[in-house]
Amino acid sequence: MSITIKSADHIAGMRLACRLAPEVLDYIAPPIPPGITTQEIDRPAAECMALQGTVSATVGYQPPGYPPYPASLCTSVNHVVCHGIPNEKPLKKGDIVNVDVTVITQDGWYGDNSRMYLIGEGSIAAKRLCALTFDAMWLGIQQVKPGNHLGDIGHAIQKFAEGHGFSVVREFCGHGIGQKFHEEPQILHYGRPGTLDELQPGMIFTIEPMINAGRREVKEFGNDGWTIVTKDHSLSAQWEHTVLVTETGYEVLTLSAGSPPLPSFVKATKT
Ligand code: MF3
Ligand code: CO
Ligand code: CO
């Protein structure tokens, strides 16, 4: 197996999937008020996908060794790192939640993205973690250009996150994406410059750093087979975009009207 290079037709299919995925997040327009449950986020998302004519990639998703995933999206609250399952517990003021949406278009293309939401005001520490994780994702994106290596992406993210006293989750990573949810390559959010595969135009993958306020270690939570939490119970944040390697740099495919403003160091969503 190797990294697929997408043709112009494939890229057109991916552009549509990646335009629709963030529309589902836009539909869950912030602010998310305290008192709402994560199931009450899942429901409108499913409704939006039905209106789009897309299908959630996560409903029934079952990699080897996992139970089928039961919801239209993932909602990872506070110390949940990823793959949180929507439930009936009301969100409280000060919670942070990652909402991760992956849609499949009628032509079979996948678009994958996630954002952080603050419930109510949010503590200074929580706001800082969310904001710096967003910046970390964009620093990774800015490393995307032909000739650079996958290790350059991971290194940029790791150096920045650790430089701010945070840690980078190692057990979960970004991934190639196309007519499958998760394909090669793995996109590690840590690493050394110049290592791993060289980037080539036509590659499409996600960059989705999971950054912990405390230690990097994670563990499974409970017995749902999915939920991953920080071992030390520290807060964890994540943002995700799907990105195309172009002849000259990158093009972020999962942008929409509701995407948050770019960090000041980012001049373009397409280079
Ligand atoms: N959307 C997640 C990712 O970014 C994967 C979620 S798999 C699920 O790769 F089954 F937990 F939903
Ligand atoms: Co992903
Ligand atoms: Co995702």
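This short presentation covers a metal site, one helix and the cysteines of the structure above.

Good morning. Please keep in mind that this is a predicted model.

I begin with the metal site. Which residues supply the protein donors of the cobalt ion, ligand 3? They are Asp100, which appears twice through OD atoms, Asp112, through an OD atom, and Glu240, through an OE atom. These donors lie 2.0 to 2.4 Å from the cobalt ion. Along the sequence, the donor residues follow the spacing D-x11-D-x127-E. Aspartate 100 belongs to strand E4, residues 96-104, and aspartate 112 to strand E5, residues 110-118; the two are 12 residues apart. Both aspartate 100 and aspartate 112 are buried.

A second cobalt ion, ligand 2, lies 3.3 Å from ligand 3, and aspartate 112 coordinates both. Why is the arrangement around ligand 3 called irregular? The 6 donor atoms subtend angles of 58 to 169°, and this spread makes the arrangement irregular. For comparison, ideal angles for six octahedral donors are 90 or 180 degrees.

I turn now to helix H2, residues 39-52. This helix has 14 residues and spans 20 Å from its first C-alpha to its last, close to the 20 Å expected at 1.5 Å a residue. Which of its residues are buried? They are Ile41, Asp42, Ala45, Cys48, Met49 and Gln52. These residues cover an arc of only 125° around the axis, so they sit on the same side of H2. The general background is that an α-helix has 3.6 residues a turn, so residues three or four places apart point the same way.

The buried residues of H2 are covered by elements including helix H1 (8-27), strand E1 (55-56) and E4. Strand E4 is also where aspartate 100 of the metal site is found. On the face of H2 turned away from the buried side, we find the exposed residues Arg43, Ala50 and Leu51. After H2 comes glycine 53, with a positive phi near 80°.

Finally, the cysteines. How many disulfides are there? The count comes to 0. Consider cysteine 48, one of the buried residues of H2. Its closest cysteine sulfur, in cysteine 18, is 15 Å away, which is too far for a bond, since a disulfide requires sulfur atoms within 2.5 Å. Cysteine 48 counts as buried because its relative accessibility is 5%. Cysteine 130 is likewise in no disulfide: the nearest cysteine sulfur, that of cysteine 82, is 15 Å away. With 7% relative accessibility, cysteine 130 also counts as buried.

Thank you for your attention.

How values were computed
Residues numbered from 1 in each chain as written. Chains lettered and ligands numbered in written order. Predicted model: local features only at pLDDT ≥ 70, side-chain atom pairs only at ≥ 80, totals over all residues. Heavy atoms only, no water. Donors = N, O, S within 2.8 Å, 3.2 Å for Na, K, Ca; no water. Tetrahedral: all angles 85-135°; square planar, octahedral: opposite > 155°, others 65-115°. Helix = DSSP H or I, 4+ residues; strand = E, 2+ residues; numbered from the N terminus. Buried < 20%, exposed > 50% of the residue type's maximum accessible area, 1.4 Å probe, protein only. Expected span 1.5 Å × (residues − 1). Arc of directions from axis to C-beta. Contact = heavy atoms within 4.5 Å.
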